[in-house]
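Thanks for coming. I have one chain to show today, and I will go from the overall numbers to the sheet and then to the details.

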Amino acid sequence: GGVYSAEAQTLALAPKAAVRDTGRVMSEESATRDLAELMRRMAAAANEQDFDTADRYYAPDAVWDSSRTGAGIFEGAATIRRFFEEWRSTFEEWEIGFDELLDMGNGVVFSLVRQAGRPVGVTGYVRQREGWVWVWVESLITSVTTYPEADMDEARATAERLAEERG
């Protein structure tokens, strides 16, 4: 054992994402923290079914591409909202969280997303993990692409490539 500061104890107990979303260079540090905080707020709003708050994070012409996970492609913030309302309505209980949340730079974020829920009329829970690649422009989401857990390496590579291309 030993004596640890309150900060060290907090970091030791914090989810991996809270420890890993630091900036690559000092000039990006506050922007990284800001995107990570925006994403946490958005997830909290989704968990509370506060779609009005969650909507504020999407550009009007945002694209949500879940074709790799079989859900389809949704164009426009209003269409994305309807997709989420319909998705959420199929669950008695549901929550979303981030096991990893990495700012790749230049408005690109990679997240390892964890969803868990109890479908309507069912006693058991379902769980799902996916890799999501987010593109932000001027504090708004312009695109999200979801990848099944089996394609996590492809999702990370895509996020890295997009961050380089946008640099």
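**Burial, sheet and cores**

Of the 167 residues in the protein chain, 41% are buried, where buried means under 20% relative accessible area, exposed means over 50%, and partly exposed is in between, with a 1.4 Å probe and protein chains only. This is a predicted model, in which local features need pLDDT of at least 70 and side-chain atom pairs count only at pLDDT 80 or more, while totals for chains, interfaces and linings use all residues. Residues are numbered from 1 along each chain as its sequence is written, and side-chain values use heavy atoms, with hydrogens and water left out.

Confidence next. The average pLDDT, the predictor's confidence in each residue from 0 to 100, is 84 for the protein chain, and 80% of the residues score at least 70. Over residues 1-29 the pLDDT stays under 50, and the model has 24 contacts beyond four places in sequence for that stretch; contact means heavy atoms within 4.5 Å. Where pLDDT is low, the predicted coordinates should not be read in detail.

The chain has six helices and six strands, taken as DSSP runs numbered from the N terminus, with helices being H or I of at least four residues and strands E of at least two. Along the sequence the order is α-α-α-α-β-β-α-β-β-β-β-α. If we take contacts between residues at least 6 apart in sequence, 50% join residues at least 24 apart.

How are the six strands ordered in the sheet? The sheet is open, it reads β2-β1-β6-β5-β4-β3, and its pairing is mixed; two strands count as paired if DSSP finds at least two bridges between them. The edges are β2 (72-75) and β3, each with a single partner strand, so each has one side without a neighbour in the sheet. On average, neighbouring strands are turned by 20 degrees against each other, direction ignored. Although β3 is an edge strand, 12 of its 15 residues are buried, so the rest of the structure largely encloses it.

Now the antiparallel pairs, starting from that edge. β3 and β4 run antiparallel and are joined by 12 bridges. Across this pair, L102 is opposite F110, and D103 has V109 as its bridge partner. Their hairpin has two residues between the strands, and N106 there takes a positive phi near 55 degrees.

β4 in turn runs antiparallel to β5, with 10 bridges. F110 appears again here, with V133 of β5 as its bridge partner. This hairpin has six residues between the strands, and G121 has a positive phi near 80 degrees. G124 sits in the loop between β4 and β5 and is partly exposed, at 33% relative accessibility. Beyond its neighbours within four places in sequence, G124 contacts G117, R118 and P119.

β5 and β6 are antiparallel as well, over eight bridges, with E130 opposite P148. Two residues separate the strands in that hairpin, and E138 takes a positive phi near 50 degrees.

Two helices lie across the sheet strands. α5 crosses β1, β2, β3 and β4, at about 50 degrees to β1. α6 (residues 152-166) lies across β3, β4, β5 and β6, at about 10 degrees to β5. Axes here are lines fitted to C-alpha atoms, for helices over the stretch in contact, and angles run from 0 to 180 degrees between N-to-C directions.

Which residues touch the most other members of the largest nonpolar core? They are Y58, W64, W134, W136 and I141, in a core of 31 residues. A nonpolar core is a set of buried Ala, Val, Leu, Ile, Met, Phe, Trp, Tyr and Cys residues joined through side-chain atoms within 4.5 Å. Elements that give two or more residues to this core include α3 (26-47), β1 (58-66), α5 (77-89) and β5 (126-137). The largest share, eight residues, comes from α3. Another core lies apart from it, with 11 residues, including L102, F110, M152 and A159.

To finish with one residue from the larger set: not counting residues up to four places away in sequence, W136 touches L35, L38, M39, Y57, G107, V109, I141 and R166.
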